[in-house]
Amino acid sequence: MSSSSSSTLLLMMLFLLLLLLTSKLEAIPVLSSTSPSPGVRILRSSESIVAPLDDEVVFECETSLPPERFEWSYSNTSSSSSAISSSFIYLSSVAGKVNISHEYAISRLAIVVRPESLGEYRCVGWFGPLVVTSTIARLDLASISLATKKESHLNWRTEPGNSIIWPCGQQVQANPLASWSFYKNGKEIQTLNHNGTLILNNITSESNGKYSCMATNTASGVRLSIPSSMELHVTKQEGSKPPYLLFGQPTRQSVTTREGQRLLLVCPGVGSPPPTPVWSSPNVTAAVPNDRSKLLSYGLEINPVQVEDAGIYICYLDNGIRPALELYINVRVEQAPVIVQAPWAGSLTNESDRLQLECQAKGEPKPTIYWLLNGKRSHEVNQSQLLSNGRYLVLKKVLKEHAGYVQCFARNHLGEHSAGTLLQVNPKLVNETDLVVSRPQRPKKLQIMVPPSAPNVTRLSDESVMLRWHVQRNEGLPIQFFKVQYRLINEGKRKMWQTTNENIPYGKPKWNSALGKNFTASVTNLKPHRTYRFRIMAVYSNNDNKESNTSAKFFLQRGSSLEPMPVPELVKIDEYSETAVVLHWRLSDDADEQLITGYYAYYRPSSFAGEYSKATIEGAKARSFHISSLEVGTIYEFKLQSFSADSASEFSALKQGRTQRSRLTTTEQPIQQKGGDRNVNTTPNHNETYSLNPLLTGTIGGGALLLLLLIVFSFCLCRRKNRNGGDGRNSQNKPRLAELREDFLPLAGGGGVPGSKQRQRSRHIHITLNPLDQQQQQPLDEKNTNTNLNSPHLEADSELVYFQRQQQNHPTTYDYDHGQRRLSSSSLRRSQRTLERTPGSNNNLQQIGSETTTTGQRVILKRPRLSSRSENLSTGSLNSVGV
């Protein structure tokens, strides 16, 4: 290959590669720059708390870096007001009232609930002149009361098959929302209810009786008996009646709910025959049906409700007899404030420039926006101005004192949300020598302890409860295990916290979902008819611990006072993978979903008699669940249990299932995938499938082609140089192939072996010598060859083993041939010495020498074909000897 043709080929290759890359440039995504988060910020703000009188609560906040100091501020603002208070006062630790403690980047404020301590609290962190402020957390007193003491005793009579809707709790005011108990003839019953409204679906003669209700405050445990009742008589009457309302049932309703909650719109009214509700809306687009709505015989369920679901809903009750009954429901959906566009000040702002920051928020009611600059309200900051009801903060002339942290807050009566930006001011220069460019330091990664959430409590039996909690997704210290603590609450006495003996393991260090990781544990040996509080203690990798917020007060009722929960039925268990299965179950009646909050799954290997592992399935509509982290090819036994906020059901019948057996690893044939104008061979490994996008495939293919052509070009140049300078210095390092071939030519002579016929049995001796040793050591023929055989670069040990095996399995053979040239004496001596170094070869070598000298026969010494030239030249050892 000439140099001109090689250069032309190289230029063509470069042109093809450039064309390939430029044709794919449009497929390369361009990442848009986003505003970076400030290094100093509030990581976790306190949450609002509702607690009973004389209870102790703890507010906690955490910053991204340890501040120089923490402070807490307080404002005594009424709970019904959503106005922004400017009269915050800073607190100090006062024995018996307020206790403030700090730990690294976390500050805690402990308060005893008193009338004078109710109000709003916020945390402030100082970093020199820079100040960050948390959102507001409210402290409210748990309460429950009647809006009016007017008694209502209803006497209803209707036909069977109708649905009865009795709004028992419409006159109750509670904070937080009350839980409800209903009674029939003085005995508690388990039935459908929604926020104090009793629902009797498809009534029969067995529904006859007198009904009453009772409300319970979930925070304080106070129970309130409602001075109202309803007596129901179910009788079959002759004739037909159009739909009508029973006495005390409203024709118009107003419902207020929060976004994300379950909304149930009930449609009261009876008739003969029972009417069917039909729903419509004049101002809600695609109100029904949709994927979030469900038509019921007594109402309409929307779960989860969204802001766009707000509007007027009309329920038509029709049983074929005119006139139909119309009921109107006005639905209002509230939404907590959320900032949809955070302020951004840029990387650097020049002193004396005008700066305008924008903050947009959504919420229902429409949130109010206010601004803080280093903890100061905007009206306290020089050169500041608010526009468009707080949407814009304008600094008419940026000053050095403005440098710091600017925060935007959106607020309504449901809470607050905040976002901030770091404002860096570039001061005016007096002269060039005074210019100092400061680079903000990169914040250090913190090792924080993120506590678990407060546990939810469910009754399991008269002496046990089930706790459910979660750990939010975070980058803090890993958790090793949990401990459960509980405390008995008596009137006027405070008991010590008790700790269970069981260590609840954290498990594998990965998150189950984007929200975090859920955990479940049971607590036994409790006393029935007592009130308890529970909390979770997390132990971290640094052997420190941190407790969660306490649960609401939980009253452990006796099972005799509770109606049984519906028991789920395990239908089948699918083998999902080698370490996972999928449970499938059903309920005897889908209407039982109204009584269920979720399910508990229990499982353990069938050969194991210890405790069951537990998993929690949230949601009453679930009918399957995936359980992972199981053993390969193992039979497990499973059982289920439904639960609500009050109690749990009996266990389902045990059912066994197994994981898939382990599959043997096999070598699969390469699979050819055609992509474009070339084939790509891929060999899947461990059942994984790899796919490449066209840009990556084209780039790799073009690079490989270019590399191959460069190698060919270099090889051609080397051959040309070798051809031109073959007699030069480089030829001294090449193996002398002619001498090697000469070493393996047969000895000259004639005749045969005594006692045998010539050519009858052809015997061969196969010897593989080391060409490099022959080339380099020829001048040292008379020296000791042990040095070569024992060199650290040789592989003599393994080759000697191979030679010994050959000696045992194959007897020595000779080959006599005429007309061949005589083997050189020096080559024969080297071969003889090599064989003498090999165990078990002395006799054969002596036999060869004796027969060669006495009979004059010719011996053919043949070498097997070398696997590759480079391999034989690099080993520097006796490769193999076959005799």
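A contact, in this report, means heavy atoms within 4.5 Å. With that in mind, let us walk through this predicted model, starting from a single residue and then moving outward.

**Starting at His 102**

Leaving aside residues up to four places away in sequence, His 102 touches Phe 70 and Ser 107. His 102 itself sits in strand S6, which covers residues 98–103. Is His 102 buried, exposed or partly exposed? With a relative accessible area of 46%, His 102 is partly exposed, because the partly exposed class lies between under 20% (buried) and over 50% (exposed). You can also look for Arg 69 in the structure: Arg 69 and His 102 are 33 residues apart in sequence, while their C-alpha atoms are 8.8 Å apart in space.

**The whole chain**

Now zoom out. The protein chain has 883 residues, and 42% of them count as buried. Its secondary structure includes 9 helices and 62 strands. How much of the contact network joins residues at least 24 apart? Among contacts between residues at least 6 apart in sequence, the share is 70%. The chain exposes about 49900 Å², and carbon and sulfur atoms supply 50% of that area.

**Salt bridges**

How many salt bridges does a search of the whole structure find? The search finds 26. Here are three of them, with the N to O distance for each pair.

| Pair | Distance (N to O) |
|---|---|
| Arg 44 and Glu 62 | 2.9 Å |
| Lys 621 and Glu 593 | 3.5 Å |
| Glu 637 and Arg 604 | 2.7 Å |

Take the pair Arg 44 and Glu 62, whose side chains meet in a salt bridge. This pair links distant parts of the chain: Arg 44 belongs to strand S1 (residues 42–44) and Glu 62 to strand S3 (residues 56–63), 18 residues apart. Arg 44 has a relative accessible area of 18%, so this residue counts as buried. Glu 62 is buried too, at 1% relative accessibility. Both residues also belong to a network of salt bridges that links Arg 44, Glu 60, Glu 62, Glu 103, Arg 108 and Lys 546.

Next come Lys 621 and Glu 593, joined by a salt bridge between their side chains. Here the partners sit in loops, 28 residues apart: Lys 621 between strand S54 (613–618) and strand S55 (624–627), Glu 593 between strand S52 (581–586) and strand S53 (598–605). Which class does each partner fall into? Lys 621 counts as partly exposed because its relative accessibility is 46%, whereas Glu 593, at 10%, counts as buried.

Finally, look at Glu 637 and Arg 604, whose side chains meet at 2.7 Å. Glu 637 is in strand S56 (residues 635–643) and Arg 604 is in strand S53, so this salt bridge ties together parts of the chain that are 33 residues apart in sequence. Both Glu 637 and Arg 604 are buried.

**A positive patch on the surface**

Our last stop is a patch of charge. Which residues form the positive surface patch? They are Lys 495, Lys 527, Arg 530 and Arg 558. To find Lys 527, follow the loop between strand S47 (516–523) and strand S48 (530–540). Lys 527 has a relative accessibility of 49%, so this residue counts as partly exposed.

Terms used:
Residues are numbered from 1 along each chain as its sequence is written. This is a predicted model: local features need pLDDT of at least 70, side-chain atom pairs count only at pLDDT 80 or more; totals for chains, interfaces and linings use all residues. Side-chain values use heavy atoms; hydrogens and water are left out. Helices (H or I, at least four residues) and strands (E, at least two) are DSSP runs, numbered from the N terminus. Buried means under 20% relative accessible area, exposed over 50%, partly exposed in between (1.4 Å probe, protein chains only). Accessible areas come from the Shrake-Rupley method with a 1.4 Å probe; for residues, only the protein chains shown count as cover. Patches are made of residues with over 30% relative accessible area and no salt bridge: like charges are joined within 9 Å, nonpolar side chains (Val, Leu, Ile, Met, Phe, Trp, Tyr) within 5 Å. A salt bridge is a side-chain nitrogen of Lys or Arg within 4 Å of a carboxyl oxygen of Asp or Glu. Lys and Arg count as positive and Asp and Glu as negative; His and the chain ends are not counted. The place of a charge is taken as NZ of Lys, CZ of Arg, CG of Asp or CD of Glu.
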